[in-house]
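Visitor: I would like to go through this structure label by label. Please set each value against its cut-off.

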Amino acid sequence: MKNKRKLRTLLLLALNFILLFAVYQLFLRAESMIGTYVYLIATAALTIAYYIINRGFGSPITDASLLPASWSYKEKCDYVETVKIRHEKAKVLLYWLLPLVVVLLIDFADIFLLDTLRGMMR
């Protein structure tokens, strides 16, 4: 069951990467910088949304014993449940955010690293 879920996640990430990369390449073939701007804005927006929904970039506290002692048992349980729900919602954004980042990294590596190397070899 766990391997199926990991495979599904990997396939979803790969599919999103292929889709985003293909669209980005179409923008590049059309010699339009609008694709780069759209992808940068989308990456920034998804990063901010992830940060807000997940309440940070780290893993949330799901151990009730680490919460303040002044909280009642019900408050702790409600908090842990809310955190788990928010974390699951935030993880969905990563299915689009990570492929976007990889596409931009590939493009920037091509522009700044590979072009420089090609120029040095001429």
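Guide: Start with Glu31, which lies in the loop between H1 and H2. The model is predicted. Glu31 has a positive phi of about 55°, although it is not a glycine.

Visitor: Why is Glu31 called exposed?

Guide: The relative accessible area of Glu31 is 75%. Exposed means over 50%. Therefore Glu31 counts as exposed.

Visitor: What makes Arg55 exposed?

Guide: Arg55 has a relative accessible area of 54%. The cut-off is over 50%, so the label holds. Arg55 sits in the loop between H2 and H3. Its phi is positive too, near 60°, and Arg55 is not a glycine.

Visitor: How do you know that the span of H1 agrees with the expected one?

Guide: H1 has 28 residues. At 1.5 Å a residue, they should span 40 Å. The end C-alpha atoms are 40 Å apart, so the two values agree.

Visitor: Which residues of H1 are buried, and what covers them?

Guide: Asn16, Leu20 and Tyr24 are the buried ones. Their cover includes H2 and H3.

Visitor: Why is the pair of Phe17 and Phe21 called stacked?

Guide: The structure holds 6 aromatic pairs. In this one, the ring centres of Phe17 and Phe21 are 5.5 Å apart, and the planes differ by 25°. Centres within 6.5 Å make a pair, and planes under 30 degrees apart count as stacked, so both tests are met. Phe17 and Phe21 are 4 residues apart in helix H1, about one helical turn.

Visitor: Is Phe17 buried, exposed or partly exposed?

Guide: Partly exposed, at 25% relative accessible area. Buried needs under 20% and exposed over 50%, so Phe17 falls in between. Phe21, at 27%, is also partly exposed.

Visitor: What makes the pair of Trp71 and Tyr79 edge-to-face?

Guide: The angle between the planes is 65°. Edge-to-face means over 60, so the label follows. The centres of Trp71 and Tyr79 are 5.4 Å apart. Trp71 is partly exposed at 31%, and Tyr79 is partly exposed at 24%.

Visitor: Which residues make up the largest nonpolar core, and which helix supplies the largest share?

Guide: The core has 11 residues, among them Leu20, Tyr24, Tyr39 and Val103. H1, H2 and H3 each supply at least two. The largest share, 6 residues, comes from H3.

Visitor: What is Val103 in contact with, beyond its neighbours within four places in sequence?

Guide: Val103 is in contact with Phe17, Leu20, Phe21, Tyr24 and Tyr39.

Methods. Residues are numbered from 1 along each chain as its sequence is written. This is a predicted model: local features need pLDDT of at least 70, side-chain atom pairs count only at pLDDT 80 or more; totals for chains, interfaces and linings use all residues. Side-chain values use heavy atoms; hydrogens and water are left out. A nonpolar core is a set of buried Ala, Val, Leu, Ile, Met, Phe, Trp, Tyr and Cys residues joined through side-chain atoms within 4.5 Å. Buried means under 20% relative accessible area, exposed over 50%, partly exposed in between (1.4 Å probe, protein chains only). Contact means heavy atoms within 4.5 Å. The expected span of a helix is 1.5 Å times one less than its number of residues.
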